[in-house]
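Subject: Structure for your files

Hello,

Here is the structure I said I would send. My notes are underneath.

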Amino acid sequence: MKTKTLITFLILIAFFGCSSDDVNLPDCFQNFIDFVNDRPPHGATIDKVIYKEKILFAFNSGLPDVPVAYEDEKCQNFCSSGGLLGETNCPDDFFENLVFVEIVWTDPR
Amino acid sequence: MFSLFGQVRENEIALKNKSGNAVHFKFKETKVTNNLESVSTFLKTQFNVQDETSFRFKKKFGKDNIGFETAKIQQYYKGVKVEFSLFNAIAKEGVLTSLNGRLVKIANLNIKPKLSEEEALQSALRTINAEEYKWEDQRNENIIKSVTGDPNASYYPKGDLVILDKTSFSDEDGVVLVYKFDIYSIIPFQRKYYYIDANNGELIFANDILKHTNGTAATRYSGQRNIETEPINGLFRLRDNTRGNGIQTFDMNNGGSYSNATDMFDNDNDWNNTEYNNINKLNSMLDAHWAAEMTYDYFLNEHDFNSIDNLGFSLFNYVNADLTQISTFFSDSDNAFWDGDVMTYGIGTNLNPFVSLDIVAHEIGHGLFEKNVCNGCPSFGEFGAINEGLSDIWGSMIEFHAAPEKNTYSLGEEVGIVIRSMSNPKSLGDPDTYQGEFWWTSTADNGGIHTNNSILNHWFYLLAEGSANTDGINDNGDVFNIQGIGKVNAAKIIFRAETTYLLSNSDYLDLRAFTIQAAEDLFGVNSLEAFTACQSWFAVGVGDGNCSVEFEIAGNEVVCTSNTYTVTGLPPGASVSWSVTPNLQIVSSTSGSVTVSTSSNGQSGTIFLNVNGSISQRDIWLGRPASASKIFGPTLVNTGAIVQYSTGTVGGATSYEWRLPYPYDEVTTFDLFGQNWQLQLPANDQQIRAFTGYGQVSGLVQVWGKNACGNGGAKLLSVSHGTGGEPGGGGIPFNGFTNNGGSGTTIYPNPANDQIHVVFKDKSRRNIKFFNFQGILIKNYTSKSNTLDIEVSSIPNGIYLLEINQAGEKITEKIIVQH
Ligand SMILES: [Zn+2]
């Protein structure tokens with residue numbers, strides 16, 4: 001488990017371009033990865049996306065009834081989509097204007 | 001208030017045990033202060049025990065809700081705990097009012113064990129000899145670490161050295177130094193404390209830990225229900241040890257920490273509204289516990305499946321969670337989820353706690369999917385929609401199984417919102433036709449898995465209930481009329497498709513094929529269930545409507561005036577209708593039979609059977625057969641030959657009748673020297689064999705079809721022997737027959753056995769010579785008759801020459817003699 005966490009850190013460090021002595025992950029990243037690591041693997045991902053020039057991160061646990069959360073770089077929730085109710089509180093034009101940039105993290109397990 | 005004392009007064013002893021020792025004191029005059037030292041001193045004095053015996057708090061004095069101070073005090077001997085020797089001390093205003101418990105008097109017991117803990121454990125395991133233990137499964141190990149919050153927690157047994165008084169469980173006296181192990185085995189499923197003699201490894205006593213009892217629960221959404229609970233320390237908690245490897249329900253206490261989740265205890269196993277219907281929504285715990293039990297029962301009773309993995313997988317409910325504290329990507333607690341190990345239910349933010357029966361079953365349904373279809377596959381797109389649809393189906397079927405009075409086909413209504421309608425998805429803006437209106441195309445909700453699952457939901461609804469309560473037309477304009485096969489059979493089909501056929505990349509078209517296959521496995525290839533599964537997919541826009549099932553309509557092939565036809569194997573309650581072609585009339589009908597009449601002859605008619613929209617048909621013949629239309633065979637035949645004649649199939653004929661040129665004989669074996677035509681019996685089929693005879697009779701070959709109503713029209717074929725006996729007609733001459741051209745002479749048979757018959761065209765004078773092949777004359781005749789028989793029975797096998805001289809002309813024929 002320790003090894004996996006380390007790999008996770010390295011990927012994120014690379015992504016944020018931080019120096020090796022600066023590993024302050026945004027809370028939501030670590031929170032999400034902790035949530036994922038506490039459970040059997042389901043192909044979880046964090047994607048970087050852009051909606052109308054706003055950079056967002058899509059946290060997708062891969063679990064059937066867990067919503068996908070879109071949060072900004074400061075971990076402010078922009079909107080969520082999914083869950084047992086299948087509801088989304090994202091703007092109406094959100095998904096048609098959503099531009100995928102890159103995969104930031106995938107569950108390495 | 002401290003006072004010294006010796007023995008208590010007799011009237012302060014409320015109860016003695018069988019041996020006459022006091023086990024319950026009710027203090028009147030004796031004053032014992034509510035501290036450990038005073039109680040210890042009292043006990044030692046009262047029972048006259050030495051300093052080797054000591055006492056420790058198991059629970060320190062604390063006030064209960066009516067002002068008493070209570071404590072639990074444990075007996076020790078030389079620092080070793082004495083099992084079951086626990087005292088309840090009750091005090092008021094600093095002084096004991098009551099003390100009850102059992103003191104064990106021990107003298108000269110050696111507390112140094114001969115066996116190590118591990119040796120004692122191995123001895124216990126040898127005695128138990130279980131196939132599988134709880135600690136051998138890493139998943140269980142992970143769960144206990146998670147539940148306890150202790151990374152070192154394990155089910156691996158740890159031994160405690162204790163002293164066991166045999167009188168506490170038997171009639172025997174004596175104390176034994178033992179190791180006490182909590183040993184939990186999966187196969188067989190049992191968990192006990194094992195007390196192993198610390199000196200010789202013998203099993204002294206085993207005490208069941210997994211106890212259960214039936215309690216009553218006032219649930220939040222489902223009224224009063226029976227639940228299984230576990231008694232523990234005089235209380236009860238929501239652990240069901242009777243189903244599979246157990247169902248356990250924990251309270252997240254409106255928080256997000258699994259390690260802080262707690263058991264909920266009840267004192268009398270009557271979990272009532274007064275206690276649990278409160279601001280903390282504690283009665284949600286009862287719903288989740290009961291619903292998980294009902295889910296377990298459904299899979300076991302209806303599908304013979306032991307929990308979600310058929311191995312008794314433990315079901316863990318984590319109830320009343322504040323989901324936003326679990327992870328930031330939950331924006332509220334209006335949700336529930338399966339996470340690969342356990343179920344977590346939100347306490348509700350705008351809605352009520354997410355623990356309704358159908359939601360609990362939905363989440364456990366995800367567990368079934370993971371254990372049987374794809375472990376850890378991300379839920380996305382059509383595959384994800386199938387996962388959600390299956391969970392909705394199990395939600396509805398388990399709800400029906402345990403609470404049929406509820407609205408079976410609507411999901412989640414009790415939490416304050418109808419999440420999905422399986423009967424009418426469009427009423428909630430969900431699609432009822434594949435890629436039709438409301439079909440989700442954006443990537444939101446992982447590709448609309450909670451929207452497009454309505455295709456599967458509605459398919460199931462149509463399969464089980466039929467289309468009577470729908471508009472009977474989908475977004476493709478396809479009209480359908482489906483008679484449902486019922487919930488039980490529909491559920492069997494989808495359960496088999498899910499657990500046997502579904503793959504990690506399956507889409508709706510695959511699932512269509514899998515459900516039809518599953519229905520064929522369960523109910524037969526041509527079953528109505530398979531047909532209805534197919535038809536229901538067509539109704540939701542998946543696959544074409546090319547579904548059919550053939551029922552066999554039994555009855556006579558031919559109807560002369562009227563007949564009755566029957567069908568068997570119709571499903572109960574099936575919608576059945578009969579119809580016929582215009583040349584038939586229906587006299588009467590029931591679902592299982594139809595009586596038809598006709599006045600027609602020589603034509604076919606058809607009976608149609610419509611069962612739930614699937615058409616089966618039976619073609620029958622009306623009246624006498626049609627006229628025979630063709631005879632195949634030679635019109636010019638060789639004399640003395642075997643020939644074949646046949647006719648095409650004659651409509652309505654059940655047999656055939658043949659005639660040959662007259663006069664002819666009917667034989668079973670041909671007389672190969674006969675003059676007449678011969679018909680080989682039986683001759684009632686489309687093909688016959690005939691012998692053309694030596695009489696050179698020409699005439700008609702005739703055939704007609706026959707059935708129970710009479711004969712059909714005949715077909716005739718004019719047949720003659722070769723002109724003037726010329727060879728080359730139909731049929732292979734069976735016995736050598738020489739038809740000597742212009743001379744008009746017939747010689748037969750050839751080869752010959754005993755006689756050679758020679759037939760001349762007239763009665764002229766002739767000289768006939770018979771030579772062997774070396775040219776030696778053997779016989780010589782002069783004849784004025786038109787026939788001559790030559791005796792060859794006594795001459796050797798071989799080739800001979802017959803020479804006929806008449807009117808200056810000589811003809812020669814080769815003759816074979818063969819005996
Ligand atoms: Zn779900």
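Below are notes on a zinc site, a helix pair and some salt bridges.

This is a predicted model, in which local features need pLDDT of at least 70 and side-chain atom pairs pLDDT 80 or more, while totals for chains, interfaces and linings use all residues. Residues are numbered from 1 along each chain as its sequence is written, chains are lettered from A and ligands numbered from 1 in written order, and side-chain values use heavy atoms, without hydrogens and water.

Zinc site. Asp65(A), through two OD entries, His362(B), His366(B) and Glu388(B) coordinate the zinc ion at 1.9 to 2.4 Å (donors are N, O and S atoms within 2.8 Å of the metal, 3.2 Å for Na, K and Ca; water is not among the atoms, so sites may look incomplete). His362(B) sits in helix α7 and Glu388(B) in helix α8, 26 residues apart (helices are DSSP runs of H or I, at least four residues). His362(B) is buried at 0%, and Glu388(B) is buried at 0% (buried is under 20% relative accessible area, exposed over 50%, partly exposed in between, with a 1.4 Å probe and protein chains only).

Helix pair. Helix α8(B) also packs against α5(B) at about 95 degrees, with the axes 9 Å apart (axes are fitted to C-alpha atoms, over the stretch in contact; angles run from 0 to 180 degrees between N-to-C directions). The two are therefore roughly perpendicular (65 to 115 degrees).

Salt bridges. The count is 28 over all chains (a Lys or Arg side-chain nitrogen within 4 Å of an Asp or Glu carboxyl oxygen). Lys406(B) and Glu414(B) form one at 2.5 Å.

Regards

Notes
Parallel < 35°, antiparallel > 145°, perpendicular 65-115°, else oblique.
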